[in-house]
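Got the viewer open? Here are some exercises to work through by eye, each followed by a solution in steps.

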Amino acid sequence: MTAPLQVLDTRGYPAFFRFRELGERVVVTSIEGEWIVLANDEFRAFVHGEVDPTSELHRRLTERNLVRTSFDARRAAEVYRRRKRFVHYGPNLLIMVVTLRCNETCVYCHASRADLDAVHTDMTIETAERTVDLILRTTSPHVTIEFQGGEPLVNFPVVQRVVEYATEKNRGLGKQLEFTMVSNLSLMDETKLAWLLANRVQICTSIDGPKGLHDKQRKLPMLSAHDAATPWIARINAAYRDAGLDTTLYHVEALLTTTKETLVRWREVVDEYVAHGCRALFLRPVDPFGFAEKTRRIVEYPREDYLAYYRRAVDYIIELNRNGVEILERYAAIFLTKILTGDDPNFLDIRSPGGAGIGQLAYNYDGIIYSSDEGRMLGAMGDPTFAIGDVRTSAYRDVVGHPTIRAMAIASNLEGQPDCVDCPYVPYCGTQPEHNHKTLGTMMGRMRESSMCAVHKGIQDYLFEKLATADAETLEILRRWTTIRPREHFLQNAGE
Amino acid sequence: MTLRFHRTVYAGTAIDAALQRFAHLANTTFERREEGDYFVVEVTSTTDARTKKIARELGNFALGLTIENGGANP
Amino acid sequence: MSELLGMPPGRVDADIGEGAVTITVDASVYPLPSVYAAAFTFIARCWVFLDRDGADRLRIVLTAKTPIDADGLRALAGEMSNELLASAWRREITRLNRGLIESVTMAAFGGAMGPPSLDELEAFDFADEPFDDPLGIAQSWEDKYKKPKPPAEGSEGGTP
């Protein structure tokens, strides 16, 4: 006698998913980056395929393409493809180190600075022009040339020549060309500023916090680095306002490097940025390149301490937003854009595959080409692993197709990375081969030991906790941080 | 010092290339032979310490070339 | 040879005088390519020697290039163990996700490099050995699906 065949009800079975426990909740993501945060009992029902097909939970799971019987592979592929669309274009961020000379000495400096008499570390006009020729070979329709140093204002004539030469060459190419300059502003004057404003060069600077903290970490002989920089922030922002530009969009961008001293002064740092009219604060941890290595014991800290500081600072930033102060945190904005919009803002260190070589390149003063600024820093420290060409001799395709770049693209593909492959944050995350190489001995790295992974994971834990538990006002604040407003004023040939 | 390279772990061509690169070292001799599953290299130099160091560097070089080669039997 | 604190004896042994640690692994768990990958990462700071230990095991000897004590050797052995695990697991993941990794990587380099210039095409050696083409991308549709090619113009056969 045969038993009746039991028909399994598979309507509640889960599609492919990854998960991570966050206290009383579980973050679940799909292969294409759809997400949901479940209570523990909901997650148990989901895993066992026991979610009632008529329930609200089933509806939410279906909506997010997490139910096997209704899994839409075409939709998943389309979402995945959209997230990865940056792969179809070549380098869009091109860093030109126009000099190593600098008038400041910063404890965490990863620029391998040189003294002001080291004129041999200035990029020549000839090298600069060859660099621009190579830069404009990129397949990316959008090009940002970022002037770095040392202090770029020390070699201002080359900055001027690059802007002039690149703009002229681009007339026949039609790329969306922009220039930015990262400067400590202490060598700024009205003549230079007038030229930079007239030529629409975006200006970025570093602010480490209130004066005492900033000056302790950034030494300017005989002067206060803070006092030398901050009036120029106000001056430049006023110039944008006088030019009729919306200062919520056009203003000096400032960068922060979090050192051990910064960790306990998070409130003062945020207040300092707000006081200078900054709309974004990037709570970057210290990295292992350059001078920071030598002073590691002074500036470094466990990543758990950094994450505690991050949470406090961003909670405070959110509170300020509630009180009408518009300022966002950049890490949060990057991850939230990926999580909430399905788009990728193409931040080159947080994408898979990473941007080294195929999204960005760094051109040193001597014409040597590196995978990234971090690769260049390792070169300055005596490790030439990430040197991939020379502007005098290398062809564009040989640079971006260099075996080192190919290895880095594979090393930074999270779908091939132990730990990442099981992590729910893999659709939103990224690793940096140069960082892995420096800290863990291989480009691949071991994520369980990676300080960068700890930071990325910790930030995303914080954000998903917020997304799961925050009130409507906070969620709206976080959603606003994903809004990307183009700054067309800085496009060269705009309106032509 | 005697180095024994298992033929399924080290490429014979890599060992030969390594020996060629090290051949110029002053006052140092290398004797290569095969014994069953092993490529055997006898390294002799002026002092024990120098011999050891050269032998170990040769081993690293042969391993590196083997890996670049795709293994002992690619 | 001595044991190292916390390390399995017979699997991890140390010669503290020589500054060396020997790790013996099961070759079915840590295949030789994974051992190569892990071992190579130590070449800068250690002399690395690999050997077979019977049919089923591989032996890895790490000798530090700079003076090292027992704690240092223990750390070295621990780091090698972690790297071996990472390499072995990565090999397996790559095998399972090969299609996805290849397609993203090819799209990335196709996008970044762009088409070759006429000068680059002229310089390319077409007589060279063909590159490895596991997905058959360079194959014509006819070759791939075994359909007959149309006869060349002027040749016998074909429709008048």
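**Exercise 1. Find the bridge partner of A:Val26 in E3(A), then describe the hairpin around it.**

Solution. Start with the pair itself: A:Val26 is bridged to A:Leu38 of E3(A). One caution before going on: this is a predicted model.

Next, widen the view to both strands. Strand E2 (residues 25-29) and strand E3 (residues 35-39) of chain A are antiparallel and share 5 bridges.

Now look at the turn. The hairpin of E2(A) and E3(A) has 5 residues between the strands, and A:Gly33 there takes a positive phi near 100°.

**Exercise 2. What is the strand order in the open sheet of 9 strands in chain A, and which strands stand at the edges?**

Solution. Trace the sheet across: the order reads E12-E10-E8-E7-E6-E4-E14-E15-E16 in chain A, and the pairing is mixed.

Then check the two ends. Strand E12 (283-285) and strand E16 (387-390) of chain A each have a single partner strand, so each has one side without a neighbour in the sheet.

For the twist, compare neighbours: on average they are turned by 25° against each other, direction ignored.

Finally, zoom in on the E12(A) end. Strand E10 (residues 253-258) of chain A runs parallel to E12(A), and 3 bridges join them. One residue pair to click on is A:Leu256 with its bridge partner A:Leu283 in E12(A).

**Exercise 3. Where are the domains of chain A, and how many residues does each give to the contact between them?**

Solution. Begin with the bounds: the domain assignment puts domain 1 of chain A at 18-83 and domain 2 at 88-390. Taken over C-alpha atoms, the centres of domain 1 and domain 2 of chain A are 39 Å apart.

The contact then takes 5 residues from domain 1 of chain A and 4 residues from domain 2 of chain A. On the domain 1 side, helix H3 (residues 73-83) of chain A gives the largest share, 3 residues. By class, that side of domain 1 of chain A has 2 nonpolar, 1 polar and 2 charged residues.

**Exercise 4. At what angle do H14 and H17 of chain A pack, and which residues meet?**

Solution. Set up the geometry: helix H14 (residues 373-380) and helix H17 (residues 433-440) of chain A pack at about 35°, and their axes are 8 Å apart.

Now pick out the residues. H14(A) brings A:Glu374, A:Gly375 and A:Leu378, while H17(A) brings A:Glu434, A:His435 and A:Lys438. Sort them by class and the contact of H14(A) with H17(A) comes to 1 nonpolar, 2 polar and 3 charged residues.

**Exercise 5. Why can chain A be called as compact as a globular protein of its length?**

Solution. Take stock of the elements: chain A has 19 helices and 16 strands. Its radius of gyration is 24 Å, close to the 23 Å from the globule rule for 496 residues, so chain A is as compact as a globular protein of that length.

Add the outline: the C-alpha trace of chain A spans about 95 × 50 × 50 Å along its principal axes. As for burial, 47% of the 496 residues in chain A are buried. Among contacts in chain A between residues at least 6 apart in sequence, 70% join residues at least 24 apart.

**Exercise 6. Which chains share the most contacts, and what does chain C bring to its contact with chain A?**

Solution. First, get to know chain C. It has 5 helices and 4 strands, in the pattern β-β-α-β-β-α-α-α-α along the sequence. Of its 160 residues, 28% count as buried.

Then rank the pairs: 2 pairs of chains are in contact, and chains A and C share the most contacts. Chains A and B have no contact, with their closest C-alpha atoms 13 Å apart.

Now the winning pair: 22 residues of chain C touch 24 residues of chain A. The elements giving two or more residues on the chain C side are helix H2 (70-96) and helix H3 (98-113) of chain C. H3(C) gives the most to that side, with 10 residues. By class, the side of chain C that touches chain A has 12 nonpolar, 7 polar and 3 charged residues.

Definitions and conventions
Residues numbered from 1 in each chain as written. Chains lettered and ligands numbered in written order. Predicted model: local features only at pLDDT ≥ 70, side-chain atom pairs only at ≥ 80, totals over all residues. Contact = placed C-beta atoms within 7 Å. Nonpolar A, V, L, I, M, F, W, Y, C, P; charged D, E, K, R; others polar. Pairing = 2+ DSSP bridges. Axes fitted to C-alpha atoms, helices over the stretch in contact; angles between N-to-C directions. Buried ≥ 20, exposed ≤ 12 C-beta atoms within 10 Å, placed from the backbone. Domains from an automatic or database assignment. Rg over C-alpha atoms; globule rule 2.2 N^0.38 Å.
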